[in-house]
Amino acid sequence: MRARMADLGSALAPVAAGMGVMAAAAAVLVPVLSSGPAVPHDPHVPAQPRATTAAPAAAGCTEENAAESLRPSSADGDAVKRIKKAGVLVVGVDQNSYRWGYRDPDNPKNLIGFDIDLAKAIARDILGPDPHIVYRAIPTNQRIDAVQQRKVDMVVRTMTINCERKKDVAFSTAYFKAGQQVLAPKRSSIDAFDDSLRGKKICTAKGSTGEQELDGEDHGATVMTVPNQLDCLVRLQLGEADAVVTDSALAAGQAAQDPAVELKGEPFSTDLYGVAMNKEDEDLVRRVNKVLEDYRAGGADSPWTTAYDKWLKADLPGVSGPPAPQYSD
């Protein structure tokens, strides 16, 4: 039986394969791990109508070159020295994305998942063996603010690289390739991201790539936004939404949690996940890219493949390897 903790203050999703229990609203904030406080968010925030104004793209950024980043370097610049002096790496993460970043059901004080393994690899490279890491649970719509306001050194949280976000934060090279997809009940008449959504209520996380895609085309659906993707699964279970639009990688994890829902159709976009950092911290970007270079190396024996096999392969099979890095310099 699979069990896991729910959203920071949103609700509990069913977590045992074969159980059809509906989620119940949670009234208690889950404390953040380690010594840093979570970026706060209201546990009773209602779903909101979507915003339709996108930030202007970063200068010179196009769909073709959006995933380009700075070439790797192991040199210690100002940002890396700052982290070493503090003796701690502060990482913005998720604690409710099954398989990516979530609380260990056997030891809820620990975070586990694909993104958590990557964050640990970065911390070990900068701070050495057994590094001190503070995990701060960041809602989807607060990831950029957390980086800009230096509440975290970086965000490792299934964050898609795109031109709008690169106006505000710097990204590492891509470490995973996914795409937007529809999640809906198995019994639903919804077939895919198409006109079968007309007249339906679609949920997506505010500030997510799914929201951006729905801004461009909603197929006649009504769109609601919530702070985190797990909130959408809860609304789907409670009948407050007919479908969810989210990354295929996250949707696969949610489908693994709840046997009553499934992915509909094929991914309709290409999303590359990167580590987000402050734009002023160029040396940290290069250092993370060096970690990623080592993380990908080794083929079937690489740390990346080991993490994929452990966390993702069962629910997201067929991924041959990480995306190739692209560099701008």
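Why does C61 count as buried? Its relative accessible area is 15%, and buried means under 20% relative accessible area, with exposed over 50% and partly exposed in between (1.4 Å probe, protein chains only). The legends below look at the cysteine links in this predicted model, where local features need pLDDT of at least 70, side-chain atom pairs count only at pLDDT 80 or more, and totals for chains, interfaces and linings use all residues. Residues are numbered from 1 along each chain as its sequence is written, and side-chain values use heavy atoms, leaving out hydrogens and water.

**View 1. C61 and C163 are joined by a disulfide.** A disulfide is a pair of cysteine sulfur atoms within 2.5 Å, and here the two sulfur atoms lie 2.1 Å apart. This pair links distant parts of the chain: C61 sits in the loop between β1 (48-49) and β2 (68-69), and C163 in helix α4 (residues 163-166), 102 residues apart. Helices (H or I, at least four residues) and strands (E, at least two) are DSSP runs, numbered from the N terminus.

**View 2. Here is the twist and setting of the C61 and C163 link.** The angle about the S-S bond is -80°, and the link is left-handed. C163 is buried because its relative accessible area is 9%.

**View 3. C203 and C232 form a disulfide, with 2.1 Å from S to S.** Distant parts of the chain meet in this pair: C203 belongs to strand β12 (residues 201-205) and C232 to helix α6 (residues 229-237), 29 residues apart. Both cysteines, C203 and C232, are buried. Their link is left-handed, with -80° about the S-S bond.

**View 4. Two disulfides are counted by this rule.** Counting bonded cysteines along the chain, the pattern is 1-2, 3-4.
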